[in-house]
Amino acid sequence: FQKRVDLAEKFLKTGKVLEVGSSIGLLLSQFKKRGWDVEGVEPSKTAYLLAQKEGISTHNTSFEEANLRENFYDLVVLNHVLEHLENPFETLKEVRKILRNGGLLFIDVPNFGGVKARIMGAKWRFILCSEHRWHFTKDSLERIFESLGFEVIYTETRSGIWDYSSPAKELFLSFFGFKKRFFSEFFFAFPDFVVSKLGWGSGLTVIARKVG
């Protein structure tokens, strides 16, 4: 989650942030520590109660029924949410309404254009037919955003330990915590770095600005 906050703050240091599908508020808590005014939308009652307990203002409803203020938010985040939605295009249209002019949209999804997705095909671990209704590539997201009046200002892909804010710290903690994942993270660190830099990583982030 810290990785996402660091990326967002490359373009906007503070403001009002809304997360769609905010779960128990872990990502928003990181924004809050940095001084952001945070707000979430989460349909799960259990997750909502846990978020409220931690002081994260959350709407316990769907995004479509939350009745959010238009032209109000500086940043809207959908962190691994878009692929689950029945109609992501319509949801993004509504997101545009609640963003102020010049506000940012932060999207994180599995990268269907990544090397592992291409090699594994139907066996790729993010296919998840019972959960993921859609899959996206960098090009497909850019076309969607541009058709809705967003300007794409940043894209990035990541695999393995490079999805952490501190890859070295992750290796350190997994080694001394006797985690099985340490061996795969260590041996694949370099190839994951290469595919991440080439835009073929398994995770895709796209940040876009509302224009017009």
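This is a short talk on the sheet, one loop, one helix and the two largest pockets of a predicted model.

I will start with the sheet. It is open and has seven strands, in the order E3-E2-E1-E4-E5-E7-E6, with mixed pairing. Strand E3, residues 58–59, and strand E6, residues 150–158, are at the edges; each has a single partner strand, so one side of each has no neighbour in the sheet. If you have the structure open, find those two edges and read the order across from one to the other.

Now two of the pairings. E1 and E2 are parallel and are joined by five bridges. One bridge to look for links Val-20 to its partner in E2, Val-41. E4, residues 73–79, and E5, residues 99–110, also run parallel, and six bridges join them. There, Val-77 has Phe-106 of E5 as its bridge partner.

How much of E1 is buried? Four of its five residues are, which makes the strand mostly covered. Helix H2, residues 26–33, lies across E1 (16–20), E2 (37–41) and E4. The angle between H2 and E2 is about 170°.

Next, the loop between E3 and E4. I will take four residues from it, beginning with Phe-63. Is Phe-63 buried or exposed? Its relative accessible area is 10%, and the cut-off for buried is under 20%, so Phe-63 counts as buried. Leaving aside residues up to four places away in sequence, Phe-63 touches Leu-18, Val-20, Val-41, Leu-68, Thr-91, Glu-94, Val-95 and Ile-98. Two names on that list have come up already: Val-20 and Val-41 are the bridge partners from E1 and E2. For a sense of distance, Gly-35 is 28 residues from Phe-63 along the chain, and their C-alpha atoms are 24 Å apart.

Ser-62 belongs to this loop as well. With a relative accessibility of 25%, Ser-62 is classed as partly exposed. Which valine is separated from Ser-62 by 6.8 Å, C-alpha to C-alpha? That is Val-41, and the two residues are 21 places apart along the chain.

The other two loop residues are asparagines. Asn-67 is in the loop between E3 and E4, and Asn-71 is there too. Asn-67 has a positive phi of about 50°, although it is not a glycine. Asn-71 also has a positive phi of about 50°, and again it is not a glycine. As for accessibility, Asn-67 is exposed at 73%, while Asn-71 is partly exposed at 48%.

What does Asn-71 touch, if we leave out residues up to four places away in sequence? The contacts are Lys-97, Ile-98, Leu-99, Arg-100 and Lys-210. Ile-98 is also on the contact list of Phe-63. Asn-71 and Asn-101 are 30 residues apart in sequence, but their C-alpha atoms are 6.9 Å apart.

Now helix H6, residues 138–147. Which of its residues are buried? They are Ser-140, Leu-141, Glu-142 and Phe-145. A general point helps here: an α-helix has 3.6 residues a turn, so residues three or four places apart point the same way. The cover over the buried residues of H6 includes helix H4 (88–98), E5, E6 and strand E7 (203–210). Just after H6 comes Gly-149, with a positive phi of about 90°.

Last, the pockets. The largest holds about 480 Å³ of space. Its lining has 17 residues, and those nearest the centre are Arg-125, Phe-126, Gly-160, Asp-163 and Ser-202. Sorted by class, the lining has five nonpolar, six polar and six charged residues.

The second largest pocket has a volume of about 240 Å³. Its lining includes Phe-1, Gln-2, Lys-3 and Arg-4, and also Asp-163, Tyr-164 and Leu-173. Asp-163 was named for the largest pocket too. Which helices each supply at least two residues of this second lining? They are H1, residues 2–8, and H7, residues 167–176. By class, the lining has three nonpolar, three polar and five charged residues.

That is the end of the tour. If you want one place to begin on your own, find Phe-63 in the loop between E3 and E4, and go through its contacts, among them Leu-18 and Thr-91.

Terms used: Residues are numbered from 1 along each chain as its sequence is written. This is a predicted model: local features need pLDDT of at least 70, side-chain atom pairs count only at pLDDT 80 or more; totals for chains, interfaces and linings use all residues. Side-chain values use heavy atoms; hydrogens and water are left out. On a 1 Å grid over the protein atoms alone, a cavity is a set of points where a 1.4 Å probe fits but cannot get out, and a pocket is an open set with protein on both sides within 12 Å along at least five of seven lines; lining residues have an atom within 4 Å of a point. Grid points are joined across faces, edges and corners, and a volume is the space filled by probe spheres set on the points. Ala, Val, Leu, Ile, Met, Phe, Trp, Tyr, Cys and Pro count as nonpolar, Asp, Glu, Lys and Arg as charged, and the others, Gly among them, as polar. Two strands pair if DSSP finds at least two bridges between them. Contact means heavy atoms within 4.5 Å. Axes are lines fitted to C-alpha atoms, for helices over the stretch in contact, and angles run from 0 to 180 degrees between N-to-C directions. Buried means under 20% relative accessible area, exposed over 50%, partly exposed in between (1.4 Å probe, protein chains only).
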